[in-house]
Amino acid sequence: KSMLEGYYILKNIKNSSIDEVITDSKRNISIEITKAVRDTRVDNLDIKMDNYIALVNGKIKYNEEKIEDLISDIYRENITQDSLKIYAIKGKETTKLGNDMLVSPSIEMVVYEGQQENYHYYIYIENRDPKLPEVAIVTDSACEIPEDMAKELGITIVPILINFGTESYKADVEMSKDEFWKRIASGQRAKTAQTSPAELKNTFEKLFEKGYKKIVTISLSNKLSGQQQAIKLARTMIGREEDIAIVDSKGVTMIQGHLVIEAAKMAKKGESSEKIIEWVELTREKAKAYFVVNNLGYLEKGGRIGKASALIGGFLKMKPILKIDEGEVCQHKKVLGEMQAIATIEKYLKDDSKHGKLIAYPIWGGGSEEQLIGEKIKQNLEKNSRIEVKGKFQIGPVIGAHSGPIYGVVFFPKVN
């Protein structure tokens, strides 16, 4: 509708699809101010030559003898609680009174010198989505939430880095989970690293520009990664410490994922950041997670068990069961064979379900063998009416880089 709408689209196209940006632009208001060149009547407006007129989204909507009155009318009727920012370009024929009135005291404004003939001002009012929650939920790719679910719930996921030697990839952006596991299966060793503070800073700025007032970050356990330190640095760089809360999930994979999903639902319902944080901090203490390592060689390569233990355990088909305890991945027990490993995990859930209903997230990472086991665990748990099974989730590099192929379950008490 105007050059400033073109600027808005170019400014936002780097972070969203063209369709999303165009949809968002329809909330905005594009205004052109000029002088009438003749007497005329448009709709209910009687316009005299040399009156100031304003075209709003391409149609004449305002008409005044004085430009300051025209701008006052425009702002009074078009600036709302959802207005985020005003962009303006001064034409060649501006006036001092018009320039003074142009600056709105209630909203952030950017003014450019344009020096264009015939048009006095271009004004572009950028509005937030009125359905947008006040609180944004930000997490990292260790949460294992699928992209479509994150999009539906308005969750922002920043990628953890996967390093194979000198090659570095953004998890789930530049390297899928399937590709990660193919590389692991081929014998390549991976390491993970936190998101850069610069990328986090950029993410936070974009969310505030979109209209969020608060950000709650729910990251993987501080004992497993330096992610929270990167968030703290980014928060300092942006200078809005009071508006960005950092919450330790004390977990990874669907411990973190469940907390993020439910926090996003609370944000959509209009809950405050304080209430969301309180819920997360209470619920994380109730989480339980058990994983079975399918190949001891990965634990041996990672230094978590000795070579002799790996050889003996492999010969005896021992299966270590890992658990999350106070934010750390640690060995829980060893059992003999796959069937006993599955039975042990399922028994834990069955026993806990006797004391109250559960929400369970079967998880797997690796190849077709682990996927089939994950499906088997899911089907077995679904037979228990006291366990609500939330699908089956593939896990990625944060645990997988250290454990190799793995399967297991994350579960929480179900609270109405």
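Biologist: Let's start with one residue: does Ala-230 count as buried or exposed?
Modeller: Keep in mind that this is a predicted model. Ala-230 sits in helix α8, which covers residues 227–238. Buried means under 20% relative accessible area. Ala-230 has 5% relative accessibility, so it counts as buried.

Biologist: Which residues is Ala-230 in contact with, once its neighbours within four places in sequence are left aside?
Modeller: Helix α8 is where Ala-230 lies, so with its 5% relative accessibility it is a buried helix residue. With those sequence neighbours set aside, the contacts of Ala-230 are Gln-194, Thr-195, Pro-197 and Leu-200.

Biologist: And what separates the C-alpha atoms of Ala-230 and Lys-201?
Modeller: Along the chain, Ala-230 and Lys-201 are 29 residues apart. In space, their C-alpha atoms are separated by 9.5 Å.

Biologist: Stepping back to the whole chain, what is its radius of gyration?
Modeller: A compact globule of 416 residues would come out near 22 Å. The C-alpha atoms here fill a box of roughly 95 × 50 × 35 Å along the principal axes. Against that globule value, the chain has a radius of gyration of 28 Å.

Biologist: What share of the contacts between residues at least 6 apart in sequence join residues at least 24 apart?
Modeller: The chain has 15 helices and 22 strands, and 50% of its 416 residues count as buried. For contacts between residues at least 6 apart, the share that joins residues at least 24 apart is 68%.

Biologist: How much of the exposed area do carbon and sulfur atoms supply?
Modeller: In total the chain exposes about 20,600 Å². The part of that area supplied by carbon and sulfur atoms is 49%.

Biologist: Now for charges: how far apart do the centres of the positive and negative sets lie?
Modeller: There are 62 positive and 60 negative side chains in the chain. Some of these charges pair up, with a count of 31 salt bridges. As for the centres of the two sets, they lie apart by 7 Å.

Biologist: Let's look at one pair: which partner of Arg-76 in a salt bridge counts as buried?
Modeller: Arg-76 itself counts as exposed, at 54% relative accessibility. Its salt bridge has an N to O distance of 3.0 Å, and both partners lie in helix α3 (residues 67–78), three residues apart, about one turn of the helix. The other partner has 13% relative accessibility, under the 20% cut-off, so the buried one is Asp-73.

Biologist: How many residues apart in sequence are the parts tied together by Glu-326 and Lys-250?
Modeller: The side chains of Glu-326 and Lys-250 meet in a salt bridge at 4.0 Å, N to O. Glu-326 lies in the loop between β17 (318–325) and β18 (328–336), while Lys-250 lies in the loop between β15 (244–248) and α9 (253–268), so the pair ties together parts whose separation in sequence is 76 residues.

Biologist: What is the relative accessibility of Lys-250 in that pair?
Modeller: Its partner Glu-326 is partly exposed, with a relative accessible area of 47%. Lys-250 counts as partly exposed too, and its relative accessibility is 26%.

Biologist: What is the N to O distance between Lys-390 and Glu-388?
Modeller: Lys-390 is partly exposed at 28%, and Glu-388 is partly exposed at 28% as well. Their side chains meet in a salt bridge, with an N to O distance of 2.8 Å.

Biologist: Going back to Glu-326, what is its phi near?
Modeller: Most residues other than glycine have a negative phi. Glu-326 lies in the loop between β17 and β18, and its phi is positive although the residue is not a glycine. The value is near 50°.

Biologist: Which loop holds Gln-115, which has a positive phi of about 60°?
Modeller: Gln-115 is not a glycine, yet its phi is positive. At 47% relative accessibility, Gln-115 counts as partly exposed. Its place is in the loop between β7 (108–113) and β8 (119–127).

Biologist: Last one: what separates the C-alpha atoms of Pro-405 and Ile-157?
Modeller: Pro-405 has its place in the loop between α15 (397–403) and β22 (406–413). Its relative accessibility is 15%, so this loop residue counts as buried. Pro-405 and Ile-157 are 248 residues apart along the chain, and their C-alpha atoms are separated by 24 Å.

Methods. Residues are numbered from 1 along each chain as its sequence is written. This is a predicted model: local features need pLDDT of at least 70, side-chain atom pairs count only at pLDDT 80 or more; totals for chains, interfaces and linings use all residues. Side-chain values use heavy atoms; hydrogens and water are left out. Helices (H or I, at least four residues) and strands (E, at least two) are DSSP runs, numbered from the N terminus. The radius of gyration is taken over C-alpha atoms; the globule rule is 2.2 Å times the number of residues to the power 0.38. Buried means under 20% relative accessible area, exposed over 50%, partly exposed in between (1.4 Å probe, protein chains only). Contact means heavy atoms within 4.5 Å. Accessible areas come from the Shrake-Rupley method with a 1.4 Å probe; for residues, only the protein chains shown count as cover. Lys and Arg count as positive and Asp and Glu as negative; His and the chain ends are not counted. The place of a charge is taken as NZ of Lys, CZ of Arg, CG of Asp or CD of Glu.
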